[in-house]
Structures are given as C-alpha cells and as structure tokens.
Amino acid sequence: MQIVVRFMSVSMSVFVSVVAGVAACGPAANVPTDTAGDVDADEMDDAQADPRDAEPESDAARRGYGEPCTANAQCEGRFCITPDLDPSFVDGYCSAFMCDPEFEGACGPDAVCFDIEIYPPLCAKACSSDADCRAPHYVCIGTCVPAAFVATVDRPGVLDGDEAAIRAAVEAVSADRMMRRVRILAGEADWDGPDGPVRIRSRAVGHPDHALAVAYVEAELAAMGLAPARLPFDARGLPHVNVEAEIPGSEPSLPPVLLTAHFDSTAVNTPSWNVATDPAPGAVDNGSGVAIALEIASILAAAGAASPHRTIRIVLFDGEEDGLLGSRDYAADLAAAAESPACTLNVDMVGWSTPATAGRFWYVFSEDSRPPAAIGIEAVDLFVPSARPIASTFTEAGHSDHAAFWAHDLCAVGMASFPRMPSNHTVDDTSSEFHPEFFLDVARSAVAVTAAWAGM
C-alpha cells in the first residue's frame, strides 16, 4: 500500500500551537523544541497564542478521550482537536496528538493510537459499540472516529446471481493455498519455476527478482487454465509490467468486473535499504492481496464452477509502491478507450488486523461507486457474517490502486486493513505478521463481492 502523508491546510499559528501544546502520548513522540533565530520565547508565544490554550476553571473540568472541547487545557493535559484541523471533528475532540503507533502503550488503557495518515497519529478513544462514542458525531470502529469517516449504506435487497453458487465459492476459499502463495511471494518458500526451485527475495521495481515475481503470478494464472497477458509500461525511467487474465462470462457484452491487487513490494522504511540488492518480502503489503486475487481466480475458473454472467478480469498491478503507477496507467487506458467496467474491487494489505479497528477491515468507495458498493456489502453480510467491514466514503482510508479509477470517474471499491502495521515497508513484513482468521474473512468477503457483482 502506498503511504500518503497529507497535512491539513491549517494556519501556522494553529500548527505551532499543536506542536507546542501537546502532551506527548508515549515516549517516542518527538516534538521539536528549538526556536528560530533570536526571537524571545515569550514574544513568540504571544504571537502564536491559540484560544485553545486557555486554562479551565479547575482540574475537575478536565475531560477524557473523546469528550467535546474548545481548549487544550480542558482535555486532561491532552490536545483538543477542533474543526480548525479537520471539519470532521465536530464540537472538538479530546485526544493526545502525535502519538507513536509502534508503541503499544502510547495512549494508555483507554485509547488507541490511530494513524490514518492524513494527520500525524492521534489517540482516539477505544470502544466496543457506538454507545461508547459521542453520538451523533462519532461512531465506533474499535476506536471512536468522526461519523464522517463512515458511510451509511442502504442494502438493495437484491443480488443478481445464484446464492447457492456464491455461497459455494465463498466456502471454497483455502487458507492453506493462500498462505502457500504468500510465502512464495515473500521469499519464504521456493517457487518451483521452469528452471528449477527459486526464491523471490524482493518484488520491488529495480530488484532482479522482480522479474521472477512477474513470472510467478503469470504461471499461477496459466495453471488455472487462464491466458495471462503482460501489459508493459514505462514510468519514472524504469520498465514495469501489469499482468491481466480473464474468466469469460456467459454474457460477454456486459461490462466486466475487475479484481485487482498490486504485486510489487518495498522495504524503504528499513534503514540503509538498497532496492537493487536487499530483500523486500511484502507479505502483508501486498502478498496478501495477490494471494486473495489468485485464490478467487482459482475458485471461479475451476472446472465445474458456476459460470458468471459478467467476465471477471484479474489485474495485478506493478509500481503501486512508487505512486500507483500501474493502476494509473491502466485506468488511463480504460478512460482513453471509453471502457467502463461494471466495478473494480482492489485488495491491498489485508493479512494483518490492526488493533485500532478491532479486527475490522475498510471497505472504501467513492460516491459514484455507491450502488455496486451497496450490493457488495449486502453480499458480505449474507455470505460472510463473521466479517465486519467498515463501509466508508472517507477516501483517504487505505489509499491504494482503487483511487486511480476514481480519478477517471470509474467505479471502484477498496478493501484494506488500516492503519498499517509497524513492520509495513520493512524487511520484517513477513508471513509471521498474519492474523489467519482475519485474512480468511477478508478473502471470503472479496469472493462474495466479486461473485455478486459478476452475477454467478
């Protein structure tokens, strides 16, 4: 999954107040303390005064995580997040700013460090139901978050397909098959390639084993009886290749359903990592998504499987870690050809269940994608009752290749586990990070959505 850091448009005085007024939530919160030039500190404080720094009437007035606030000092020495920082934080939200998501106790027992990647990480109140959060502005996804992050989805009550066939496809998912593929993609197990056993140490663009990764996913699709095609493109001075294969539908005139995941990896967060020589296992990011895409392809292309009405096109993207390069190239080609798929399901980084969402995964869609998204949510509810998706139009959550389709007004839904795990984009992103039950629930959910859209 691509990391996107986008600070909000706030005034300098507000941002300096954030940094200066924060009580760090955990020992690793690094707050700069030097001042510029020889400006007197008192003069600087006066110039950057923020009304949220006003003292409350008494210590008894201080409020806990998630309580409404207008001043930092109201929040038990923590920080008051207001609509000045983001409009979603209606009536203020007592938090602790700039916590360290890698420090387990960063926010104490009552809150979780929530790293949504459009802010510095903040402490949000832990919760087990919406009743624990401040209605109607905040809802529970394991932590109390602004209701604006979560979408209301009306179930249409109709699935275009054979429910027995969809259920059979969901129940056919094999955790063992998926984890075998994850371990091969992450270089933990040999791939028995055409020239003998090999290890894929890295799938990063610029590493020699990147070509092995392309050959591996191509061989897996071919072994299912599909006809994979390489779609080469150049980006940033380097050759890349997307891999595409189709499961033909019984009604080829209908727009196809796309199932996508990126196969490239990176370990750029490892100190002194060298892309050309060092490993980048990328087991969760995004061996998990590729394994799910291949699993769905193997189930729906199997002899005797119910034929979908719509063609299902599997596309494995390259260059996601360098800026959604493969999906941007692919979506631009679709737009140029005036081809509009029925919808795209993109799966990225779904092997690890983050504590901040209490074992739930994001199911993210644009407003234009709402009708197919609603059908998909209904399918998950019906066929995978143990899954608990967070349906959301908060489009920065789990930012990945689905966003490239939104840029061209094409239907797309993203499945992702978010915030990311501490080992993301390091050499420690291995299969040992997986949460098997969570991974299985997401895989079954992806099958249910794909099959429902395709009208099996």
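**Figure 1. Helices and strands across the whole protein.** The secondary structure comes to 10 helices and 16 strands; these are DSSP runs numbered from the N terminus, with helices (H or I) of at least four residues and strands (E) of at least two. This is a predicted model, where local features need pLDDT of at least 70, side-chain atom pairs count only at pLDDT 80 or more, and totals for chains, interfaces and linings use all residues. Residues are numbered from 1 along each chain as its sequence is written, and side-chain values use heavy atoms, with hydrogens and water left out. Of the 456 residues, 56% count as buried, meaning under 20% relative accessible area with a 1.4 Å probe, protein chains only (exposed is over 50%, partly exposed in between).

**Figure 2. An open sheet of eight strands.** Follow the strands in the order 9-10-12-11-13-16-14-15, and you'll find mixed pairing (two strands pair if DSSP finds at least two bridges between them). Strand 9 (229–235) and strand 15 (389–392) stand at the edges with a single partner strand each, so one side of each has no neighbour in the sheet. On average, neighbouring strands here are turned by 20° against each other, direction ignored. At one end of the order, strand 14 (residues 361–365) pairs with strand 15 in the parallel sense over four bridges, and Tyr-363 stands opposite Ala-391 in strand 15.

**Figure 3. Two helices lying across the strands.** Helix 6 (residues 283–300) lies across strands 10, 11, 12 and 13, and runs at about 145° to strand 11. Helix 7 (residues 325–336) lies across strands 9, 10, 11 and 12, at about 140° to strand 12. For these angles, axes are lines fitted to C-alpha atoms, for helices over the stretch in contact, and angles run from 0 to 180 degrees between N-to-C directions.

**Figure 4. Helix 4 and its cover.** Tucked into this view are the buried residues Met-178, Met-179, Arg-181, Val-182, Ile-184 and Leu-185 of helix 4. Their cover includes strand 7 (191–193), helix 5 (210–223), helix 6 and helix 10 (436–454). After helix 4 comes Gly-187, with a positive phi near 75°.

**Figure 5. Zooming in on Arg-181.** Is Arg-181 of helix 4 buried or exposed? Arg-181 counts as buried, because its relative accessibility is 5%. Its side chain joins that of Glu-220 through a polar contact of 2.7 Å (a pair of N or O atoms within 3.5 Å; within protein, one must be able to donate a hydrogen and the other to accept it, and residues adjacent in sequence count only if both atoms are side-chain atoms). Leaving out residues up to four places away in sequence, Arg-181 touches several others, including Tyr-216, Met-224, Leu-294 and Ser-298; contact means heavy atoms within 4.5 Å.
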